[in-house]
Amino acid sequence: MRHTLSETWSGLRRNVTMTIAVVVTMWVSLSLFGIGLLSAQQVDLIKGRWYDKIEVTVFLCTAATQGSNCDAGHDATDAQREVIKKTLESNPEVASVTYETKNDVFAQFKEVYKDSSILGTMTAADMQDNFRVKLKNPEEYQGVVSATQGLPGVQKVQDLRGILEPVFAWLNLARVATVGASLLLLLAAALQIGNTIRMAAFSRRRELGIMRLVGASNWFIVLPFLLESLAAALAGAVLACGTLAALEQFVIIGKAQPAIQTVRWIGWDNIGLTVLAVVAVAVVLSTIPTLIATRRYLRV
Amino acid sequence: MITFDNVTKTYAGQTRPALRDVTVDIGKGEFVFLVGSSGSGKSTFLRLILREYKPTSGSIYVAGHDLSRLPAWRIPRLRRQVGTVFQDFRLLPGKTVSENVAFALQVIGRPAREIRQIVPQTLELVGLEDKGGRLTDELSGGEQQRVALARAFVNRPPILIADEPTGNLDPTTSVGIMKLLDRINKTGTTVIMATHDSTIVDQMRKRVIELADGELVRDQSKGVYGY
């Protein structure tokens, strides 16, 4: 064991610049990989929170608004309102229907924009009566939308999901791009490790030959190289995990959480899972290229 | 100890076999000279004993192992029973005499405590007892070959193979090495030595096996180098 460890250490020292290069490459690519994993978890958290709140809002015609189902200059009539209400309540996908008057909406508006100058420019008459529809399954909004869109008195049917969908699409794209870029970098890191070990084995080929002659087992011969690449990869992994932890502490907890409180942000449990994945990837990415690179020196 | 049974070896891409139908039996404790001109098959013979290659046909038995049935993972174990000495010494560069000899013990996992005892004893056997701390690059050819012998012998293997051990040495130094090999042989180790050195062969009068063009042409006890 002592011999193995001393060989490992001398191997790492022998080519310090290459070791550093491997550590840095691993650090960057594993950090990126970790960020990709964290983004995926974050998106899931946001989705989980917001999808409950997905509502379809059926806006009714008012004197001030225009729509293909509206009588210009008139509010929706009570009869029309009844029809819309019945259509919604009888729809099997609908969980609940809540009616808001212009005044209800205006009260909310005053609350949200209380510090804003817009307040002075708007009145209750500028708001729209609406039905807020909670769905049993947020994914099944299409049916409700198409059922109510053409009804007289309906100015517009807005579904929040339609608004959020593009946001999620972009978030997913960002996540895929991050993970994709990290995979390319990880591939480069793996090749770099394979190359470093191949050069190390080549420069030690006399010793390896003598080891085989004297009857050293393959395991004894390969172990120092495995430990060498593992040490460099794990050093990079530790730096990457530190980076991710710093991200959590200073960016998420420090800045994002206080700034946007309505979103549930990733926490230390997410970091923990990601750290495990990062370490596992580091181990695999150092072991396999090393075994491949040393194969020809193990042939009896 | 070593048995070759109708062994033929043709290297890939060659038409002429390096060894052709060689049958020979070497017993425990024997001292055998392997002679022949370059290309006669001496190195092939020794490499086959070390299981560096497999014979194209025929079977080889070394220290009780049937080499054709030996799985790859057991080859290291076989090699630990065959000490080797070469013309170019094959010592680890940048390491001391003691470290080189200890290496053979380290690879088989002997504890450091034992190694610290065994290495000086072996160095005394080969006459290098006060050179343990010297780097091998600083030694003369004769001394380096003694280190190689010490390493080959430190595990007390049943067989010792020497491939032209005196090839790089002057006649006087060669005699010293041969005396050492003789002493090792007297402890019961089977010694097979390939050589071009006719003087040594003629002096020692041991069993001589001669190869020519891959064939065994002479097997003579108390033999000389040539007729």
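Which residue in strand 9 of chain B is the bridge partner of Leu34(B)? The bridge partner is Ile209(B). The legends below describe close-up views of a predicted model.

**View 1. Strand 3 and strand 9 of chain B pair in the parallel sense.** Strand 3 covers residues 31-35 and strand 9 covers residues 207-212, and four bridges join the two strands of chain B. Leu34(B) is matched with Ile209(B) of strand 9. Val35(B) stands opposite Glu210(B), which also belongs to strand 9 of chain B.

**View 2. Strand 9 and strand 10 of chain B form a hairpin.** The two strands pair in the antiparallel sense, over five bridges. Two residues lie between the strands, and Asp213(B) in the turn has a positive phi of about 50°. Ala212(B) has Glu215(B) of strand 10 as its bridge partner. Ile209(B) has Asp219(B) of strand 10 as its bridge partner. Ile209(B) is thus a bridge partner of Leu34(B) as well as of Asp219(B).

**View 3. Six strands of chain B make up an open sheet.** The strand order is 6-7-8-3-9-10, and the pairing is mixed. Strand 6 (82-86) and strand 10 (215-220) of chain B are the edge strands, each pairing on one side only. From one strand to the next, the twist averages 15°. The parallel pair of strand 3 and strand 9 and the antiparallel pair of strand 9 and strand 10 both belong to chain B.

**View 4. Helix 5 and helix 6 of chain B pack on the sheet.** Helix 5, residues 141-153 of chain B, touches strand 6 and strand 7 (159-163). The direction of helix 5 makes about 170° with that of strand 6 of chain B. Helix 6, residues 171-186 of chain B, touches strand 3, strand 7 and strand 8 (190-194). The direction of helix 6 makes about 150° with that of strand 8 of chain B.

**View 5. Helix 1 packs against helix 8 in chain A.** Helix 1 spans residues 2-14 and helix 8 spans residues 218-259; their axes are 8 Å apart and at an angle of about 50°. This angle makes helix 1 of chain A oblique to helix 8 of chain A. The crossing of the two helices is right-handed. Helix 1 of chain A makes the contact through Thr4(A), Glu7(A), Thr8(A), Gly11(A) and Leu12(A). Helix 8 of chain A contributes Leu223(A), Pro224(A), Leu227(A), Glu228(A) and Ala231(A). By class, five residues of this contact are nonpolar, three are polar and two are charged.

**View 6. Chain A and chain B are in contact.** The contact takes 13 residues from chain A and 17 residues from chain B. On the side of chain A that touches chain B, helix 1 and helix 7 (205-214) each supply at least two residues. Helix 7 of chain A gives the most to this side, with six residues. By class, the side of chain A that touches chain B has seven nonpolar, three polar and three charged residues.

**View 7. Chain A is divided into two domains, domain 1 and domain 2.** Domain 1 of chain A consists of 2-50 + 165-298, and domain 2 of chain A of 52-160. The C-alpha centres of the two domains of chain A lie 52 Å apart.

Technical notes:
Residues numbered from 1 in each chain as written. Chains lettered and ligands numbered in written order. Predicted model: local features only at pLDDT ≥ 70, side-chain atom pairs only at ≥ 80, totals over all residues. Axes fitted to C-alpha atoms, helices over the stretch in contact; angles between N-to-C directions. Parallel < 35°, antiparallel > 145°, perpendicular 65-115°, else oblique. Left-handed = near helix turned anticlockwise from the far one by under 90°. Contact = placed C-beta atoms within 7 Å. Nonpolar A, V, L, I, M, F, W, Y, C, P; charged D, E, K, R; others polar. Domains from an automatic or database assignment. Pairing = 2+ DSSP bridges.
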